[in-house]
Amino acid sequence: ILLFGGLIGLIVAIAAGYYLANRALIPIRISLEKQQQFVSDASHELRTPLSVIQVHSELLLRHPDHTIEQDSKLISNVLQEAKRMSKLVGGLLTLARSDSNQLELERKPIQFDRIVQECVAKMHMLAELKGIILHSETDSPIPMVADEERLHQLLVTVLDNAIKYTPEGGIVRVVCRKFAHSAQIEVEDTGVGISPEDLPHVFDRFYRGDKARTRQEGGTGLGLAIAKWIAERHGGKIRLDSKRSNGTRVFITLPL
Ligand code: ADP
């Protein structure tokens, strides 16, 4: 009986050890896979603007007989791709630092309603250029302890998307309300909307709904991933609601 009991005990101990070791290894394996995917996606995304810059620069060098207009077109393409790369690298750095917990929020007392108004004012010109009405309404004052620069980045990303994905003649509406313990911002647009298949992935790094269209718009696919990180690091939430061709609504909740 003793021998039998000992044997059973040994089998249970081995099984438990195996199970626990495996459980501990799974998150490491998943995070390693995620890192590898991130590096491979980042390299892929950087390769496209780089090859455009390379090809266009070669064309400029090899054709001294080009007209000024032809040269200007090539130079402006190089510049556009360089700007895109710089935006991508900026986003990649933010995410890499946030992954390794090197990015700390710089919290201080702020007036959130003022930040909302500043961001709306900043995006007004862009909306006007696209023939879009940008309308905002906010409670005031909304005192909060938060990282002002990061909240700016969060709101500008969401507003920029709303304007980017709304055709001429559309409306973008921003409403900010103060509750007992939180502030809630809703950004609603009358744009192209997001299909049900795309909606669960919009916060994924490098995910772009309609690749051709968003690349033309200069998107990097990192904006919402960073926006989610900012909202969550503040103890808040961000959520999107949309139907294809029926516009999009973004809800952000931030604790005061
Ligand atoms: P991007 O740089 O491509 O805009 P984001 O991370 O900001 O990247 O957004 C991811 C994807 O979510 C976009 O490519 C787009 O397909 C979709 N999206 C985000 N906001 C909107 C919006 N207001 N209307 C329609 N689609 C949106």
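How do the axes of helix α3 and helix α4 cross, and within what distance do they come? That's the starting point for these close-ups of a predicted model, in which local features need pLDDT of at least 70, side-chain atom pairs count only at pLDDT 80 or more, and totals for chains, interfaces and linings use all residues. Residues are numbered from 1 along each chain as its sequence is written, and side-chain values use heavy atoms, with hydrogens and water left out.

**View 1. Helices α3 and α4 cross at roughly 35 degrees.**
Here's the answer: the axes of α3 (residues 112-129) and α4 (residues 148-164) come within 9 Å. Helices here are DSSP runs of H or I with at least four residues, strands are runs of E with at least two, and both are numbered from the N terminus. Each axis is a line fitted to C-alpha atoms, for helices over the stretch in contact, and the angle between N-to-C directions can run from 0 to 180 degrees. The crossing of α3 and α4 is right-handed, meaning that the near helix is turned clockwise from the far one by less than a right angle. On the α3 side, the contact (heavy atoms within 4.5 Å) includes Ile115, Cys119, Met123 and Leu126. On the α4 side, look for residues including Leu151, Leu155, Leu159 and Ile163. Sorted by class, this contact has 13 nonpolar, one polar and five charged residues. For that sorting, Ala, Val, Leu, Ile, Met, Phe, Trp, Tyr, Cys and Pro are nonpolar, Asp, Glu, Lys and Arg are charged, and the others, Gly among them, are polar. A handy thing to remember when you look along a helix: an α-helix has 3.6 residues a turn, so residues three or four places apart point the same way.

**View 2. Phe38 and Phe206 form a tilted aromatic pair.**
The structure holds one aromatic pair. Its two rings, Phe38 and Phe206, have centres 6.0 Å apart and planes at 35 degrees, so the pair is tilted. (Rings of Phe, Tyr and Trp, the last by its six-membered ring, pair if their centres lie within 6.5 Å; planes under 30 degrees apart are stacked, over 60 edge-to-face, and the rest tilted.) Phe38 sits in helix α1 (residues 2-62) and Phe206 in the loop between β5 (182-189) and α5 (211-216), so the pair ties together parts that are 168 residues apart in sequence. Phe38 is buried at 10% relative accessible area, and Phe206 is buried too, at 7%. Buried means under 20% relative accessible area, exposed means over 50%, and partly exposed is in between, using a 1.4 Å probe and protein chains only. Arg205 joins the scene, lying over the face of Phe38 at 4.7 Å from the ring centre. To count as over a ring, NZ of Lys or CZ of Arg must be within 6 Å of the ring centre and within 35 degrees of the ring normal. One more quirk: Phe206 has a positive phi of about 70 degrees, although it is not a glycine.

**View 3. Helix α6 packs its buried residues against several elements.**
In α6 (residues 223-233), the buried residues are Leu224, Ala225, Ile226, Ala227, Trp229, Ile230 and Ala231. They pack against α2 (68-99), α4, β6 (237-242) and β7 (248-255). Just after α6, Gly235 takes a positive phi of about 85 degrees.

**View 4. Asp113 is in contact with a stretch that holds a cis peptide bond.**
Asp113 belongs to helix α3 and is buried, with a relative accessible area of 6%. Leaving aside neighbours within four places in sequence, Asp113 is in contact with Thr138, Asp139, Ser140, Pro141 and Ile142. The bond joining Ser140 and Pro141 is cis, with omega about 0 degrees. Pro141 lies in the loop between β2 (133-138) and β3 (143-146). Most residues other than glycine have a negative phi, and most peptide bonds are trans.

**View 5. Asn101 has a positive phi of about 55 degrees.**
Asn101 is not a glycine either. You'll find Asn101 in the loop between α2 and β1 (108-111), where Asn101 is exposed at 57% relative accessible area.

**View 6. Glu186 of strand β5 has contacts from elsewhere in the chain.**
Setting aside neighbours within four places in sequence, Glu186 is in contact with Arg173, Val174, Val175, Arg249, Val250 and Phe251. The C-alpha atoms of Glu186 and Phe251 are 4.7 Å apart, although the two residues are 65 residues apart along the chain.
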